[in-house]
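I opened my notebook for this one and went through the backbone, a polar site, the cores and a helix in turn. Here are my entries, in the order I made them.

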Amino acid sequence: MTGLHHVTAITRDVQANVDFWMGFLGLSLVKQTAGLEDARQLHLFYGDPQGNPGSLVSFLVWQDGAPGRTGHGQVAEIALAIPRARIGDWLTRAMQQGVPVEGPSREFGAPVLRLKDPDGIIVKLVGTDAPDAGWPAAPARMQGVTLWSEDAPATAAFLAPFGYRPGGVEDGVTRLVSDHDAIDIRHARGFVPGIPGTGVIDHVALRVPDVAAIRAHAARLSDATEVTVHDRLYFTSLYVRDPAGILIELATDGPGMAVDEPAEALGRALKIPPHVTDDTDLRLHLPQFARPGEERRPMRDLPFIHRIHAPADADGSTLLLLHGTGGSETDLMPLAHGIAPRATLLGLRGRSTEEGSARFFRRLSMTRFDQDDIRSEAAAFAAFWTGALAAYDLDPARLTVLGYSNGANFAAAVMALHPGLIARAILMRPMLVLDPVPEADLSGVRVLTLQGAQDPYGPHAPALNDWLAASGADLDARVMPTGHQLSQDDPRAAKTWLSA
């Protein structure tokens, strides 16, 4: 039992990924799960309808994550097997649907089309003797992968004990073959090294029959290099790097994708790892998507990276969420869901950074702020606001801004610089950051401020409250018995205020 088990890559856009791998290629989504190591990371598996090893391509979802770079030490291409006579049909399909395509060409005697998925990952469709199931039909299985190695002979020698044998050399590529597929090794010495990130293939997994084989390989390999073994629920895995630094996984055939859901319903429901005891908050962090043909909310290209979570029983209200320093667009979603369970949640990611931490504007010290940055980001937010209302059909009369710390400060600044935009706001641990603060008419604007009694920034909160009141806002200013961090009293206070 030799050959490929699966390949794992990283995507930055779950909906575009589903549309390509399910919609364009026609593969089945056989598993969607929260990550076993990082539960906030969605993990999708595509393959044949049964989820058989050798057909599986999986993606870790880093929604709106930073792009990586393909280089040596990485898997560079995924090859899928199609009937040789269908090369022309796939070429036509790609051209009609605007999928980047090159070819056909010939590699090792077989016709090949090179496509790019939405992340730029190269997908080769290889004409083989696979049975023709008619048209259209998804690729039957994986045909191979291409590795970029600084030391191709060492990589080839490393793979030999796993059932791969020499299959020839062509145009600088060394081919290894099993009974089912091929691994191509391109000698890439002198090229740039790979960098992890979206649009990059993380690793390739090879098939082994059972856990006993995993243990035998672990014993053999651990004398020369570091290995780790993990129970991945659907298979047991061993991870090791070859002499050129390429991440190789060994994965058992069992227990298989049907271990936690019926075989006829694979991939229909999000599966939560057994160690997660409360999955409500987790589901709010994970990105939502629609299968091809299902109703969806198209995401728009707006000035801020953002995430929308729509509950099944949405009531038409919206909470727009602005995180604190170092947060993300999903950080406040569990809090917001507790305050308004039926509200649509729209989370933004701040565009300024401080030592890698996201913020909504730069600060010069703990209490001094970049005034020009505040004003330019507030103008970008106003443009986002206008675009989001139109793009997502949001009712401005039922929209509340919820901000924490830096996000609350930013919301208050927007209210000062663009009066009339925000009509209702919950500001948790806020302070006044504009200097000077402009005059603004906030008549009819409802604001709840939640100050922490032991918050080191607390002494700066009264100035904001005074300005809000003087500007005509309907202000409810409360002091919570806590510090800068939020407590259980905060969502209770916000919920009561919002429902009044």
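**Entry 1: loops with positive phi**

I began with Asp393, which sits in the loop between α7 (371-391) and β23 (399-404). The model I am reading is predicted, and I kept that in mind throughout. Asp393 is not a glycine, yet its phi is positive, near 55 degrees. Is Asp393 buried or exposed? I looked up its relative accessibility and found 69%, so Asp393 counts as exposed, the cut-off being over 50%.

Next I turned to Arg429, in the loop between β24 (424-428) and β25 (446-452). Arg429 also has a positive phi without being a glycine, here near 60 degrees. Its relative accessibility is 2%, and because buried means under 20%, I put Arg429 down as buried.

**Entry 2: cis peptide bonds**

I then checked omega ahead of two prolines. The bond from Gly103 to Pro104 is cis, with omega near 10 degrees. I traced Pro104 to strand β6, which covers residues 101-107.

The peptide bond joining Trp135 and Pro136 is cis as well, and I noted an omega of about -5 degrees. Pro136 belongs to a loop, the one between β8 (122-128) and β9 (141-149).

**Entry 3: Glu77 and its partners**

I wanted to know what a buried acid was doing, and picked Glu77 in strand β5 (residues 74-83). Its relative accessible area is 8%, so Glu77 is buried. Which side chains does the Glu77 side chain meet in polar contacts? I found the side chain of Arg114 at 2.8 Å and that of Thr146 at 2.9 Å.

I also listed the contacts of Glu77, leaving aside neighbours within four places in sequence. Besides Arg114 and Thr146, they are Ile122, Lys124, Gly144, Val145 and Ile201.

**Entry 4: two nonpolar cores**

A reminder I wrote in the margin: in soluble globular proteins, nonpolar side chains tend to be buried together. I looked for such groups here. The largest nonpolar core has 63 residues, and Trp21, Leu25 and Leu159 touch the most other members. Helix α1 (residues 14-24) gives this core its largest share, 6 residues.

I followed one of those three, Leu159, outward. Beyond its neighbours within four places in sequence, Leu159 is in contact with Leu147, Tyr164, Leu176, Ile183, Ile185, Leu206 and Ile248.

There is also a second, separate core, of 47 residues. Among the members I noted are Leu348, Phe381, Leu421 and Ala425.

**Entry 5: helix α4, end and faces**

My last stop was helix α4 (residues 211-221). At its start, I saw a side-chain oxygen of Asp210 reaching to within 3.3 Å of the backbone nitrogen of Ala212.

Which residues of α4 are buried? I found Ala213, Ile214, His217, Ala218 and Leu221. Looking down the axis of α4, I saw these buried residues fall within an arc of 140 degrees, so they line one face of the helix. The face turned away from that buried side carries the exposed residues Ala212 and Arg215.

I closed by asking what the buried residues of α4 pack against. They pack against one helix, α3 (152-159), and against the strands β13 (201-208), β14 (228-231), β15 (235-241) and β16 (247-255).

Terms used: Residues numbered from 1 in each chain as written. Predicted model: local features only at pLDDT ≥ 70, side-chain atom pairs only at ≥ 80, totals over all residues. Heavy atoms only, no water. Helix = DSSP H or I, 4+ residues; strand = E, 2+ residues; numbered from the N terminus. Buried < 20%, exposed > 50% of the residue type's maximum accessible area, 1.4 Å probe, protein only. Polar contact = N/O pair within 3.5 Å; in protein donor to acceptor, adjacent residues only side chain to side chain. Contact = heavy atoms within 4.5 Å. Core = buried A, V, L, I, M, F, W, Y, C linked by side-chain atoms within 4.5 Å. Arc of directions from axis to C-beta.
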